[in-house]
Amino acid sequence: MNDAGKTWSDSDGGEVGFVEEHDFICTEPFTCEEGGHLSEFTLRYETYGHLNADRSNVILIEHALTGDHHVAGVHSMNDRKTGWWNHILGPGKPIDTREYFVICSNCLGGCQGSTGPSSINPETGKPYGLDFPMITIGDMVHAQKRLLDHLGVESLFAVIGGSMGGMQALQWAIAYPEIPKRILAMATTARQNSQAIAFNEVGRSAVMQDPGWEQGNYPQGAGPKVGLAVARMMAHITYLSDRGLEAKFGRARRETMKAGPDARDHFDVEFEVESYLRYQGKSFVNRFDANTYLYFTKALDRFDLYGESGNLAETFKNVKARTLVVGFNSDWLFPPDQNQDIVYALLEARKDASYVECSMDLGHDSFLLHSQELYELVRSFLKAPH
Amino acid sequence: MSQAHQKRQVDFQVIAEWVDPGSTVLDLGCGRGVLLEFLKTTKDVFGVGVDVSQSKATSCVKRGIPIFQGDVDAVLNRFSVNAFDRVIFSRTVEELQKPQRTLSRALEVGRSVTVGFINHGFWVNRFNLALFGKRTVNEVYPKAWQESRPRNPFSLSEFEGFCREEGIAVRRRRCLSGNWTDDQKLLPNLLAGYVIYDLEKES
């Protein structure tokens with residue numbers, strides 16, 4: 001997800017304004033799909049809009065790998081940036097907070113307030129590190145179900161997410177078919193291909209080979225900062241596209257680069273794209289935990305809706321939600337055909353499903369950007385007669 | 001209702017007549033999903049539309065009609081044999097890149113196939129070309145050639161010749177006169193403006 005920008009306001013609708021974070025502390029033990037246990041956990045979340053009388057207007061938003069629960073608005077006057085999907089969520093916006101009560105929580109295993117590897121293990125009084133149990137996309141969804149139970153929400157008008165958020169949205173429809181009425185999954189996949197796993201492995205290698213990683217036992221505030229920054233720089237390229245990068249940076253150079261005869265002068269930032277990636281890497285390590293990065297990328301790699309039978313339609317047989325999958329033509333991380341495969345399988349299972357493709361130049365992260373076509377699509381999907 | 005609007009929906013009644021209640025339908029070149037909406041309401045079908053245009057796909061989403069945005073051939077190739085009870089081409093065939101290949105695949109994916117098309121053997125179309133050396137511009141084809149999508153006009157008799165050669169069984173046929181409303185039984189290749197076929201693969 002892009003760290004740059006999002007400092008402007010959206011002229012198409014109002015702002016949600018100031019928002020507060022909440023913590024849901026679940027004291028009921030949680031068993032993870034891979035077999036691990038948590039005696040308790042916390043999910044940090046935000047809500048927008050108002051719950052209606054019959055509790056039928058709840059939309060759950062799912063964040064992507066490096067996203068968080070802060071979807072829209074600001075926490076204080078000092079906040080320079082709004083939440084990551086501020087332009088699509090708010091009064092009068094495609095996800096209209098005058099109509100819907102919107103919830104987004106930081107995923108289980110995360111590092112933005114929910115329990116994850118950097119949290120204190122109540123049994124030892126120290127950060128979990130790698131003692132934190134392995135987490136799956138399914139675990140993220142089951143933890144969110146506990147949050148909904150706590151909030152008294154029994155039905156979801158829609159579950160919406162892109163990338164890893166799209167995986168969670170699909171998982172909701174499979175794991176709890178009676179709860180979500182609509183699924184809107186963007187730039188996602190039913191299982192990653194080899195290339196996506198390969199990129200994740202490079203990222204994990206960069207983290208784990210940084211001496212600062214210390215087998216996951218780094219103290220708070222320290223850690224594999226170089227490795228995590230490199231992982232981020234590399235991953236960030238996969239979220240963009242050739243055309244997108246070319247349009248944004250081309251071969252533009254920094255003016256400060258004065259190369260003399262000494263080769264040592266030649267490896268500082270020269271091209272604008274280098275500067276951009278270094279900034280992305282640096283800002284990322286300040287807000288993200290390296291171990292969460294390992295856990296989440298592993299959860300992505302293992303996510304496989306084809307299951308043991310290899311039959312995706314079989315996985316979808318109990319789905320009840322109406323589903324819309326949106327692919328982006330320039331997305332080469334989770335390319336259009338992987339998004340299409342989800343809908344083919346849903347249709348084969350005779351489910352109410354649609355595939356629409358947005359033509360945008362900016363690669364995988366296109367779903368996070370301004371696009372009137374995407375706004376219209378989201379609005380249409382939410383308003384359509386059921 | 002304007003004449004153009006009426007003509008846009010002229011084949012709905014006939015198409016719906018041949019659709020079994022509760023059956024599964026694939027509408028190729030579904031546009032904004034109006035036909036599927038009609039079939040969903042009147043016949044309770046499980047219907048899926050295919051259209052290449054994003055704005056049309058969005059209109060289908062808005063109607064609550066399942067839509068697969070993409071190329072007709074690419075989508076057809078992804079469905080298995082007999083995946084649908086019926087595949088519908090409503091004014092789509094004349095815009096296909098390779099009609100023979102697409103129709104033959106559609107006859108595999110659908111147990112039955114409906115094809116509705118404008119008969120370019122209709123006398124007015126012949127007259128315009130013969131007398132003025134121009135193709136017909138009317139409420140159905142409102143745009144001049146340079147603003148129109150590529151099309152491959154054909155006549156009733158050409159289509160039936162094709163069906164004979166391919167061994168495609170014509171189960172039913174409805175020929176509508178120039179007003180696209182009344183039945184046209186006499187000399188249909190000359191006097192029918194619009195024709196609709198119910199096809200099956202010859203068993």
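**Exercise 1.** In this predicted model, determine whether Pro142(B) counts as buried or exposed, and locate it in chain B.

*Solution.* Begin with the neighbour count: Pro142(B) has 10 C-beta neighbours inside 10 Å. A residue is exposed if 12 or fewer other C-beta atoms lie within 10 Å of its own. Pro142(B) therefore counts as exposed. Next, consider its place in the chain: Pro142(B) belongs to the loop that joins α7 (123-132) to α8 (156-166) of chain B. Finally, relate it to Arg126(B): the two residues are separated by 16 positions in sequence, and their C-alpha atoms are 17 Å apart in space.

**Exercise 2.** Establish how α10 of chain A and α4 of chain B are oriented to each other, and describe their contact.

*Solution.* The helices concerned are α10(A), residues 372-383, and α4(B), residues 54-63. Their axes lie 7 Å apart and form an angle of about 20°. Angles under 35 degrees count as roughly parallel, and α10(A) and α4(B) are therefore roughly parallel to each other. From α10(A), the contact draws on Glu373(A), Glu376(A), Leu377(A), Ser380(A), Phe381(A) and Lys383(A). From α4(B), the partners are Gln54(B), Thr58(B), Val61(B) and Lys62(B). Sorted by class, the residues of this contact are 3 nonpolar, 3 polar and 4 charged.

**Exercise 3.** Check the length of helix α7 of chain A against expectation, and describe its burial.

*Solution.* Helix α7(A) covers residues 290-302, which is 13 residues. At 1.5 Å a residue the helix should span 18 Å, and the distance of 19 Å between its end C-alpha atoms agrees with this. Turning to burial, α7(A) is mostly covered, since 10 of its 13 residues are buried. Among them are Tyr293(A), Leu294(A), Tyr295(A) and Phe296(A). The buried residues of α7(A) pack against four helices of chain A: α1 (137-151), α2 (164-175), α3 (194-208) and α4 (225-239).

**Exercise 4.** Characterise the packing of α3(A) with α7(A).

*Solution.* The angle between α3(A) and α7(A) is about 160°, and their axes are 10 Å apart. Angles over 145 degrees count as roughly antiparallel, and this pair is therefore roughly antiparallel. The crossing of α3(A) and α7(A) is left-handed. On the α3(A) side, Ile197(A), Asn200(A), Gly203(A), Arg204(A) and Val207(A) take part. They meet Ala290(A), Tyr293(A), Leu294(A), Thr297(A), Leu300(A) and Asp301(A) of α7(A). The class tally for the contact of α3(A) with α7(A) is 6 nonpolar, 3 polar and 2 charged residues.

Key: Residues are numbered from 1 along each chain as its sequence is written. Chains are lettered from A and ligands numbered from 1 in the order in which they are written. This is a predicted model: local features need pLDDT of at least 70, side-chain atom pairs count only at pLDDT 80 or more; totals for chains, interfaces and linings use all residues. Helices (H or I, at least four residues) and strands (E, at least two) are DSSP runs, numbered from the N terminus. A residue is buried if 20 or more other C-beta atoms lie within 10 Å of its own, exposed if 12 or fewer, and partly exposed in between; C-beta atoms are placed from the backbone. Axes are lines fitted to C-alpha atoms, for helices over the stretch in contact, and angles run from 0 to 180 degrees between N-to-C directions. Angles under 35 degrees count as roughly parallel, over 145 as roughly antiparallel, 65 to 115 as roughly perpendicular and the rest as oblique. Two residues are in contact if their C-beta atoms, placed from the backbone, lie within 7 Å. Ala, Val, Leu, Ile, Met, Phe, Trp, Tyr, Cys and Pro count as nonpolar, Asp, Glu, Lys and Arg as charged, and the others, Gly among them, as polar. The expected span of a helix is 1.5 Å times one less than its number of residues. A crossing is left-handed if the near helix is turned anticlockwise from the far one by less than a right angle, and right-handed if clockwise.
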